[in-house]
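User: Hi! I am new to reading protein models. Could you go through this one with me, step by step?

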Amino acid sequence: MRNFFRILIIYIVAFTAMACKNEQKPNIIILLADDAGYADFGFMGCKDLDTPRLDEIAYDGVVFTDAHVSATVCAPSRAGLLTGKYQQRFGFECNLPPKGIGIDVKERTIANQLKNQGYNTIALGKWHVGETEQFHPNQRGFDEFYGFLGGSRPYWFDKNTDVDGNHNALLHNYSRVDFDGYLTDVLGDKAVEFIENCKGPFFMYWAPNAVHTPMHAKRDHLEKYTGHKRQKLAAMTWSLDENIGKITDKLKEKGIYDNTLIFFLSDNGGAANNSSNNAPLKGWKGNKYEGGHRVPFVVSWPEKISGGKNFNGLTSVFDIFQTSLKASGINEDLSSDGVNLLPFLTNEKNGNPHELLFWRKDQMAGARHNDFKLIRLDDYGYRMYNLGNDLGESIDIRENHPEEFDFLKKQLIEWEKEMAEPLWKEEHDWNKVTYEIHEALMENRDANYLSPYEMNQFIEDKEKSTK
Ligand SMILES: [Ca+2]
């Protein structure tokens, strides 16, 4: 009899331990690359860049083939990700917010929400959604910040950048810090240190500037890729991957990898100036073609989601917000344009999480409905494509599908009525360049220039030739 009770108690203790373990909130990590190409990861089919550690996460999780960020440049894309809603709702439409502007302080970020749920929160790396104090990560739900407030910086300590008051200086919370070594490594080490010391569930926003310009890479990694056509990008991508590997190693060492919900994505499409590859997509960072906003996107949570598969439904960056909050145990509906992806990943639901998605920055806009994609350039006109059989967006099908064309145009206008006026506009020269790029892509020709410098050269050459 005594043995019976002893066994019973062992069972009760074991069962309670299991139940507690199952009830533990998942840790949540967003791994956000910067300006990385759609096709530049092993799990996306890349053959000439190596990303073995990201490929492991992809293998343990689900690879999304039709996932989109909400803007094709850094700052508004991050504003959409962090708030889980169209950033145009609060006027954050353009890039490079001027001093004194950031994500509207009335908005609750994903970090605010998760902190309310008892999460320890940390942001590491590039911020770029407001530099003045009220927009600082520590004011937007992050207990800890280790990174820089601006949009790009050298990958090494830099005596011109790393000075008090420079928006790209490296900070720990509000204080400027010196650092040794390569920034992607430094951010990886800080992530590992945080995971090592963290008690309780955590939310980590790991946003290194890799692989954004300047194209700074470590010497030994450049040597590894001697003779490579994209040597610097290959080396920078290797560093990015290596540091993501350090993070997953630490999670596994602590026995918390299986109960960690990991998202990996790029903040926008591969850029024209870092030799990234968005094939088979048309376009790149900054424009409304798929190469601008369809991004590599992985979700992994081994305890809840069976991995090793692709998901082809239409997905938005806003879904990170909604999925994370549901995973953290929030049941009520929150103000968000996102969808909880978990039912789609556990086969409770099928199809597209989103029926419609929209994009707009100043004079350029896009809309998506099922396979149909509309692009509008103000004072120029429209194009419409069927991504189902023309992923490269080369054949304009407006005339063949007049009803769908009218529907998408109207949907875009209706959506715009819900949005605010942009709080600021971008520098005029860049806007002219982006306009020319859109015209060229819409006409299936090469753009005459890709930067303000090239534009001025082009105009000068033209004037010379007409004299
Ligand atoms: Ca970017």
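User: Let's start with one pair: over how many bridges do strand E14 and strand E15 pair?

Analyst: Happy to help! This is a predicted model, where local features need pLDDT of at least 70 and side-chain atom pairs count only at pLDDT 80 or more, while totals for chains, interfaces and linings use all residues. Residues are numbered from 1 along each chain as its sequence is written. Strands are DSSP runs of E with at least two residues, helices are runs of H or I with at least four, both numbered from the N terminus, and two strands pair if DSSP finds at least two bridges between them. Strand E14 covers residues 364-369 and strand E15 covers residues 372-377, and their antiparallel pairing runs over 6 bridges.

User: Which residue is the bridge partner of Gly366 in E15?

Analyst: In general, strands of a sheet pair through backbone hydrogen bonds, either parallel or antiparallel. Here E14 and E15 pair in the antiparallel sense. Across from Gly366, the partner in E15 is Ile375.

User: What is the order of the strands in the open sheet?

Analyst: The sheet has 4 strands with antiparallel pairing. Its edge strands, each pairing on one side only, are E13 (356-361) and E16 (381-386). The order is therefore read as E13-E14-E15-E16.

User: Which residue in the turn between E13 and E14 has a positive phi?

Analyst: E13 and E14 pair in the antiparallel sense over 6 bridges, with Phe358 opposite Ala367 in E14. The two strands form a hairpin with 2 residues between them. The turn residue with a positive phi, about 55 degrees, is Asp362.

User: Why is E13 largely enclosed by the rest of the structure?

Analyst: Count the C-beta atoms, placed from the backbone, within 10 Å of a residue's own: 20 or more others make it buried, 12 or fewer exposed, and in between partly exposed. E13 is largely enclosed because, of its 6 residues, the number buried is 5.

User: At what angle does helix H11 run to E14?

Analyst: Two residues are in contact if their C-beta atoms, placed from the backbone, lie within 7 Å. Helix H11 (residues 402-418) packs on the sheet and touches E13, E14, E15 and E16. Angles run from 0 to 180 degrees between N-to-C directions, with axes fitted to C-alpha atoms, for helices over the stretch in contact. For H11 and E14 the angle is about 120 degrees.

User: And at what angle does helix H12 run to E15?

Analyst: Helix H12 spans residues 428-442 and lies across E14, E15 and E16. Its angle to E15 is about 135 degrees.
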